[in-house]
Amino acid sequence: MAVEDDDDLDQFLDPDDFGEAFTWNATTIYGIFDNDSYTVEGANDAPIHIQKPTVLVKTSDIPTMAQGDSITKVRTNQTYTVQIFAPDGTGLTVLGLRGQ
């Protein structure tokens, strides 16, 4: 079910609440960043630590975004490559990222 009022999404992603600023194609968009990490067993039982950065954004803010585009987290100036799009059906999309 989609959110009926786009302002509700803006409020949810507002930097004063949960969101933070990102730039994409010289445009500022807001999203909620996450960088889960997990450990898997490698050769000889050596642990390998893997990070999985994602950002949750308004689908309407990224209408022409494509796999391979760059998005930059303003606060840290870290740039990521967009690898995966996962719309959730509510007007939000999770972007799977890879650090550059």
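**Figure 1. Salt bridge between the side chains of Asp61 and Lys58.** In this predicted model, the side chains of Asp61 and Lys58 meet in a salt bridge, with a separation of 4.0 Å from N to O. Asp61 counts as partly exposed, because its relative accessibility is 26%, whereas Lys58, at 5% relative accessibility, counts as buried. Salt bridges that share partners join Asp61 and Lys58 with Asp10 into one network. Side chains of opposite charge can pair when their charged atoms come close.

**Figure 2. Salt bridge between Asp10 and Lys58.** The closest N and O atoms of Asp10 and Lys58 are 2.6 Å apart in this salt bridge. Asp10 lies in helix 1, which spans residues 6-13, and Lys58 lies in strand 3, so the pair ties together parts of the chain that are 48 residues apart in sequence. Asp10 is partly exposed, with a relative accessible area of 36%, while its partner Lys58 is buried at 5% relative accessibility.

**Figure 3. Salt bridge between Lys73 and Glu20.** Here the closest N and O atoms of Lys73 and Glu20 are 4.0 Å apart. The pair links distant parts of the chain, since Lys73 belongs to strand 4 (residues 70-73) and Glu20 to strand 1, with their positions 53 residues apart in sequence. Lys73 is buried, with a relative accessible area of 7%, and Glu20 also counts as buried, at 16% relative accessibility. A search of the whole structure finds 4 salt bridges, and the Lys73 and Glu20 pair is one of the salt bridges described in these legends.

**Figure 4. Surroundings of Thr54 in strand 3.** Thr54 is found in strand 3, which covers residues 47-58. With a relative accessible area of 17%, Thr54 is buried, because the value is under 20%. When residues up to four places away in sequence are not counted, Thr54 touches Ile32, Phe33 and Asp34, and it also touches Val94, Leu95, Gly96 and Leu97.

**Figure 5. Nonpolar surface patch made by Tyr38, Val40 and Ile48.** The side chains of Tyr38, Val40 and Ile48 make a nonpolar surface patch of about 250 Å². Tyr38 lies in strand 2, which runs over residues 27-41, and Tyr38 counts as partly exposed at 42% relative accessibility. For the protein chain as a whole, the accessible surface comes to about 6,400 Å², of which 48% belongs to carbon and sulfur atoms.

**Figure 6. Asn25 in the loop between strand 1 and strand 2.** Asn25 has a positive phi of about 50°, although it is not a glycine. Most residues other than glycine have a negative phi. The loop that holds Asn25 lies between strand 1, residues 20-24, and strand 2, and Asn25 counts as exposed, with a relative accessibility of 56%.

**Figure 7. Asn44 in the loop between strand 2 and strand 3.** Asn44 likewise is not a glycine and has a positive phi, of about 55°. Asn44 lies in the loop between strand 2 and strand 3, and at 79% relative accessibility Asn44 counts as exposed.

**Figure 8. The whole protein chain, as context for the close-up views.** The protein chain contains 1 helix and 6 strands, which follow the pattern α-β-β-β-β-β-β when read along the sequence. Taken along the principal axes, the C-alpha atoms fill a box of roughly 55 × 30 × 25 Å, and 29% of the 100 residues count as buried. Among the contacts with a separation of 6 or more, 44% are accounted for by residues 24 or more positions apart. The chain has 5 positive and 17 negative charges, and the mean positions of these two groups are 9 Å apart.

Conventions. Residues numbered from 1 in each chain as written. Predicted model: local features only at pLDDT ≥ 70, side-chain atom pairs only at ≥ 80, totals over all residues. Heavy atoms only, no water. Helix = DSSP H or I, 4+ residues; strand = E, 2+ residues; numbered from the N terminus. Buried < 20%, exposed > 50% of the residue type's maximum accessible area, 1.4 Å probe, protein only. Contact = heavy atoms within 4.5 Å. Areas by Shrake-Rupley, 256 points an atom, 1.4 Å probe, with all protein chains shown as cover. Lys, Arg positive; Asp, Glu negative; His and termini not counted. Charge placed at Lys NZ, Arg CZ, Asp CG, Glu CD. Patch = residues over 30% accessible without salt bridge, like charges linked within 9 Å, V, L, I, M, F, W, Y side chains within 5 Å.
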